[in-house]
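Grab your favourite viewer and work through the exercises below at your own pace. Try each task before reading its solution.

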Amino acid sequence: MPFIDLDEAVQEASGRTIPDLFRAGEEVFRTLETQALKDALAGPKALIATGGGIVEREENRELLAQFPVVFLDIDIEEAIVRASRSGSRPLLQDDVAQKMRALSARRDPLYRQVASTSVKLGRASKTENAHALLRAIDELVK
Ligand SMILES: Nc1ncnc2c1ncn2[C@@H]1O[C@H](COP(=O)(O)OP(=O)(O)OP(=O)(O)O)[C@@H](O)[C@H]1O
Ligand SMILES: O=C(O)C1=C[C@@H](O)[C@@H](O)[C@H](O)C1
């Protein structure tokens with residue numbers, strides 16, 4: 001099955017990086033993100049990885065809720081550690097921990113609203129996490 005990463009799709013379609021798009025304004029990025037989601041959903045059946053901010057727009061939530069969706073329910077402390085390492089996330093420049101907690105509090109109910117199922121991802125290895133995700137996808141689409 002084809003795999004589509006929406007962050008990559010947005011960057012390819014616009015010819016710009018995500019930090020560059022955010023410099024033009026978050027709405028600029030979100031509009032391209034919605035278009036990339038619509039294009040991906042209209043295309044051949046695929047596994048689509050969205051950015052964590054996909055649930056910010058109601059339009060996106062309504063679209064996603066029509067398809068099988070797996071919520072990657074990552075432990076917040078682990079997410080903070082990983083995001084602190086990355087440095088390239090426009091919404092997480094300073095006070096990463098505080099911003100992550102605020103985003104998580106706002107978005108968590110929205111993820112649960114659109115998700116058909118969820119997978120708890122803790123400190124297991126990447127391979128174990130990938131297998132847990134694949135099992136959830138198999139279960140969902142069988
Ligand atoms: N045990 C692990 N399981 C899963 N991912 C891990 C693990 N250890 C490190 N990582 C890393 O965590 C990072 C997760 O970042 P990634 O950018 O893929 O997040 P994302 O889910 O795409 O978030 P976003 O909402 O920003 O799109 C990756 O770089 C991945 O390699
Ligand atoms: O959580 C978010 O709002 C984002 C997550 C990333 O994947 C990118 O889509 C972008 O940095 C925004």
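The exercises that follow look at a predicted model, with a ligand site and an aromatic pair as topics.

**Exercise 1.** Find which residues surround ligand 2, and sort them by class.

*Solution.* Start by listing the shell: D7, I18, F22, F29, R30, G51, G52, G53, P90, L91 and R107. Next, sort these residues: 5 are nonpolar, 3 polar and 3 charged. Finally, map the shell onto the helices: α2 (18–24) and α3 (26–42) each contribute at least two of its residues.

**Exercise 2.** Which distances separate oxygen atoms of ligand 2 from polar side-chain atoms of D7, R30 and R107, and how much of the ligand's area does the protein cover?

*Solution.* Take D7 to begin with: a polar atom of its side chain sits 2.5 Å from a ligand 2 oxygen. For R30, a side-chain N or O atom is 2.7 Å from an oxygen atom of ligand 2. For R107, the distance from a polar side-chain atom to a ligand oxygen is 2.7 Å. Now turn to the area: on its own, ligand 2 has 310 Å² accessible, and the protein covers 87% of that.

**Exercise 3.** Classify the ring pair F71 and Y111, and say which elements it links.

*Solution.* The count of aromatic pairs is 2. For F71 and Y111, the ring centres are 4.9 Å apart and the planes meet at 25 degrees, so this pair is stacked. Then place the residues: F71 belongs to strand β3 (residues 70–74) and Y111 to helix α6 (residues 96–114), so the pair ties together parts 40 residues apart in sequence. As a last step, check exposure: F71 and Y111 are both buried.

Technical notes. Residues numbered from 1 in each chain as written. Chains lettered and ligands numbered in written order. Predicted model: local features only at pLDDT ≥ 70, side-chain atom pairs only at ≥ 80, totals over all residues. Heavy atoms only, no water. Near = heavy atom within 4 Å. Polar contact = N/O pair within 3.5 Å; in protein donor to acceptor, adjacent residues only side chain to side chain. Areas by Shrake-Rupley, 256 points an atom, 1.4 Å probe, with all protein chains shown as cover. Helix = DSSP H or I, 4+ residues; strand = E, 2+ residues; numbered from the N terminus. Nonpolar A, V, L, I, M, F, W, Y, C, P; charged D, E, K, R; others polar. Phe/Tyr/Trp six-rings, centres within 6.5 Å; stacked < 30°, edge-to-face > 60°. Buried < 20%, exposed > 50% of the residue type's maximum accessible area, 1.4 Å probe, protein only.
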